[in-house]
Amino acid sequence: MKPTFYVTTPIYYVNDVPHIGHAYTTVAADVLARYKRLMGYDVYFLTGSDEHGQKVEKAAITAGETPLELADRVVKRYQALWERLGISHSDFIRTTQERHKKGVSEIFSNILAKGDIYLGEYEDWYCTPCETFWTETQLIEGRCPDCNRPVEKLKEESYFFRMSKYQEQLLAHIEAHPDFIQPKSKRNEIVSFIKEGLRDLSVSRTTFTWGIPVPGNDRHIIYVWFDALTNYISALGYPDETGNYSRYWPVDVHLIGKDILRFHAVYWPTFLMAAGLPLPEKVFAHGWWTVEGQKMSKSLQNVVEPNMLIDKYGVDVVRYFLLREVPFGLDGDFSHTALIQRMNSDLANDIGNLLSRSTAMAVKYFEGILPEPSEMIDIDLALKTKTGEMIAIVDKFIDELAFSKALQAIWDVISAGNKYIDDSAPWTLAKDPANRGRLATVMHTLLESQRITHCVLSAFLPTTAGKALASLGYAEEISKEKLVWGGLKAGTVITKVEALFPRYEGKE
Ligand code: MSP
C-alpha cells in the first residue's frame with residue numbers, strides 16, 4: 001500500500017475575489033501534492049471556500065443578493081482560477097454543503113455532550129446603532145470605534161468552549177512535537193501567547209443568522225471559525241470515521257498564511273483534543289505579499305489579480321515567481337520588475353535556452369534521433385552525479401517546505417548543463433567524423449540530465465515540463481523510479497523546441 005499524504009489550503013472567504021495571496025498558498029499546496037504523488041504517495045489535496053458568517057452576510061446585502069447567491073457566484077471565480085493555475089486538488093469543500101454542516105453539528109454536539117462547550121454569558125460593550133459588540137480595548141476613548149457614539153454594557157447569551165482547560169495539554173504537545181508549528185519564529189509567538197493564559201472561547205453568536213445553528217438551540221449560530229476549521233475533517237467524511245477519514249487523518253500539513261496561525265495552532269488543536277481526535281502533524285504559516293512595497297488593499301487599488309498575471313506572462317511564470325522569489329515563511333514584495341527579471345533570466349535564458357540549444361543540436365547533428373552513447377568521461381560523469389544528487393536535495397527542501405531552495409537546487413543543475421555545453425563544445429566535435437562517438441555521449445548526457453530535471457520540475461511547472469519532456473520524446477508516466485539515469489533510449493525522437501519561455505520585452 002502506498003503511504004498517504006494529506007495537505008490542505010485555507011478555505012477562502014467568498015466576500016472577496018481571489019488575489020495573489022490566495023493563489024500563493026494554493027500553488028504551494030499544489031506543488032507539494034504533485035511532488036508527493038510523483039514520489040509514490042497516495043495524496044489527498046483539499047481546498048475550498050468559507051461561506052458563512054457575518055462578513056459574507058453583509059457583503060450579500062450590499063450586493064443585493066442572498067448569501068448563497070453571492071457564494072455561488074464568487075466560488076466559481078476561485079474554481080476557474082484554480083483550473084487556470086493547474087491546481088490538482090482532490091476535493092473542493094464549500095461550507096454550505098450538507099456534508100460539512102453535518103460534520104460541524106456533530107463535533108459541536110460531541111464536545112457539548114462532554115461538557116467542554118457550555119452555555120454562558122458574554123459581557124461586552126454594545127453599540128446599538130451599529131449593532132456591534134466591542135471589547136474594552138477596541139473602544140476609542142470609551143466610544144464606538146466605528147461611529148464614535150456612546151456604548152453600553154450588554155450581556156449576550158453565548159456558548160463557550162472550555163479552551164482554558166487545554167492550555168497545559170497544548171503546551172506539552174507543542175513541546176513534544178518541535179515540528180508541529182512552523183516556522184520556528186512563529187512557533188515561539190504561539191507559545192508565548194498560550195503562556196499568557198488561554199481564556200474560554202465564545203463559539204456561538206445570536207447577532208446574525210447566516211451559518212450553522214447550534215444543535216438543539218437554533219437561536220445560536222456556530223462561530224464562523226469553529227465552522228470553518230472543521231472543513232478539514234468534514235471533507236473526509238467525518239463523523240464517519242472510516243473511509244477517507246481513517247485513511248488521511250491526521251493531516252500531514254495545513255498550509256496557511258501567518259494571519260490565521262492562532263486559529264490553526266491554538267483553537268483547532270484544542271477543539272480536536274476536546275473531541276478526542278488526533279491533532280494535525282504540522283501547521284506551516286507562510287508570509288504575506290506586499291505590492292511594490294505597499295500593503296495590498298482594495299482602497300489602495302493595488303490588488304494583484306492572478307488572471308491578469310497569467311494573461312500577461314503565462315501560468316508557469318506566475319507559479320515559478322511566487323515560489324522562487326521569496327523563501328516560504330517570510331514576507332515578500334511583488335513587483336512586475338522582479339517578475340520580469342526572473343522570467344527573462346531564470347526561465348527564458350537558463351532553462352529555456354538550455355533546452356532549445358540542446359534539442360537544436362540533436363536535430364542538427366543526429367537528425368533528431370538520439371544516438372547510442374559511448375563511454376562517459378569525467379565531465380559527463382560530473383553532470384550525471386550532479387543531476388542525481390539534486391533529487392535528494394530537492395526532497396529534503398520539499399520536506400522543509402523550502403520551495404525556493406528546492407528550485408535553486410534544480411537551477412544549479414540547469415546552470416551546470418549550460419556550462420557543460422560550453423565546456424564540451426559539441427560544435428567542435430561535430431567537425432570531425434572521428435569524434436562521432438564522443439558527440440553522441442555528449443548529446444545523450446545533456447538530454448538525459450534535462451529529462452530528469454524536467455521530471456522533478458513537473459511538480460512545480462507542469463505545463464513547461466510537459467512541453468520539455470515531449471520534445472525529448474519522453475512519454476512515460478513520471479514516478480520516483482524514473483528519476484534515475486538512463487531513461488532516454490537510443491532511437492528516441494528529439495524535436496527542436498523554439499522557446500519554452502519568450503523573453504519579456506514589453507512594458508511592465
Ligand atoms: N476563511 C479564512 C480561512 C479559514 S481556514 C479554516 C480566511 N480566508 S481569507 O480568504 O481571508 O484568507 C485566506 C488566506 O489568504 C490566508 O491564509 C491569508 O494569509 C492569505 N492571504 C491573504 N492576503 C495575503 C497576502 N497579501 N499575502 C499572502 N497571503 C495572504 O482567512
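## What surrounds the ligand, and a few spots further out

Two or more shell residues around the ligand come from each of these elements: strand E1 (4-13), helix H1 (20-38), helix H7 (224-229), helix H8 (231-234) and strand E12 (253-257). Keep in mind that this is a predicted model. Strand E1 gives the largest share of the shell, with four residues.

So who comes nearest? There are 23 residues around the ligand, and the nearest are Ile11, Asp50, Gly257, Asp259 and Trp289. Sorted by class, the shell holds 13 nonpolar residues, eight polar ones and two charged ones.

Now for the polar side of things. Three side chains put an N or O atom within reach of a ligand oxygen, and the table has the distances.

| Side chain | Ligand atom | Distance |
|---|---|---|
| Asp259 | oxygen | 2.5 Å |
| Trp288 | oxygen | 3.1 Å |
| His22 | oxygen | 3.5 Å |

On its own the ligand has 670 Å² of accessible area, and the protein covers 94% of that. As for the site itself, the ligand takes up the space of the second largest pocket.

**A threonine in E1**

Back to strand E1, where Thr9 has its place. Is Thr9 buried or exposed? Its relative accessible area is 1%, so Thr9 counts as buried. The side chain of Thr9 also has a partner: a polar contact of 2.7 Å links it to the side chain of Thr47.

**Backbone oddities**

Some backbone angles here deserve a look. As a rule, most peptide bonds are trans, and most residues other than glycine have a negative phi. Where does this model depart from the peptide-bond part of that? One cis peptide bond sits between Gln182 and Pro183, with omega at about -10°. Pro183 belongs to the loop that runs between strand E7 (181-182) and helix H6 (184-195). Another cis peptide bond links Tyr238 to Pro239, and there omega is about 15°. For Pro239, the location is the loop between H8 and helix H9 (243-248). H8 is also one of the elements that supply at least two residues of the ligand shell.

Then there's the phi angle. Asn148 is not a glycine, yet its phi is positive, at about 65°. You'll find Asn148 in the loop between strand E5 (132-134) and strand E6 (152-161). With a relative accessibility of 47%, Asn148 falls in the partly exposed class, because that class ends where exposed begins, over 50%.

Glu292 shows a positive phi too, near 45°, and it is likewise a residue other than glycine. The loop in question for Glu292 runs between strand E14 (289-291) and strand E15 (294-295). Its relative accessible area is 44%, so Glu292 also counts as partly exposed.

**Along helix H13**

Helix H13 covers residues 336-366, and His336 is part of it. How accessible is His336? Its relative accessible area comes to 14%; buried means under 20%, so His336 makes the cut. The side chain of His336 is joined to that of Tyr313 by a polar contact of 2.7 Å. If you want to place His336 relative to Val27, the two are 309 residues apart along the chain, and their C-alpha atoms are separated by 19 Å.

Leu354 is in helix H13 as well. It has a relative accessible area of 3%, which means Leu354 is buried. Which distance separates the C-alpha atoms of Leu354 and Ile414? That gap is 7.3 Å, with the two positions 60 residues apart along the chain.

**The chain as a whole**

Zooming out, the chain has 508 residues, and 55% of them are buried. Its secondary structure adds up to 18 helices and 16 strands. Taken along the principal axes, the C-alpha atoms fill a box of roughly 95 × 50 × 40 Å.

To tie the threads together: the ligand sits in the second largest pocket, and the protein covers 94% of its accessible area. E1 provides the largest share of the shell, while the side chain of Asp259 places an N or O atom 2.5 Å from a ligand oxygen. Away from those contacts, the cis bonds at Gln182–Pro183 and Tyr238–Pro239 and the positive phi values of Asn148 and Glu292 are the backbone details to have on screen.

Notes: Residues are numbered from 1 along each chain as its sequence is written. This is a predicted model: local features need pLDDT of at least 70, side-chain atom pairs count only at pLDDT 80 or more; totals for chains, interfaces and linings use all residues. Side-chain values use heavy atoms; hydrogens and water are left out. A residue is near a molecule or strand if one of its heavy atoms lies within 4 Å of it. A polar contact is a pair of N or O atoms within 3.5 Å; within protein, one must be able to donate a hydrogen and the other to accept it, and residues adjacent in sequence count only if both atoms are side-chain atoms. Accessible areas come from the Shrake-Rupley method with a 1.4 Å probe; for residues, only the protein chains shown count as cover. On a 1 Å grid over the protein atoms alone, a cavity is a set of points where a 1.4 Å probe fits but cannot get out, and a pocket is an open set with protein on both sides within 12 Å along at least five of seven lines; lining residues have an atom within 4 Å of a point. A molecule sits in a cavity or pocket if more than half of its atoms lie within 2 Å of its grid points. Ala, Val, Leu, Ile, Met, Phe, Trp, Tyr, Cys and Pro count as nonpolar, Asp, Glu, Lys and Arg as charged, and the others, Gly among them, as polar. Buried means under 20% relative accessible area, exposed over 50%, partly exposed in between (1.4 Å probe, protein chains only).
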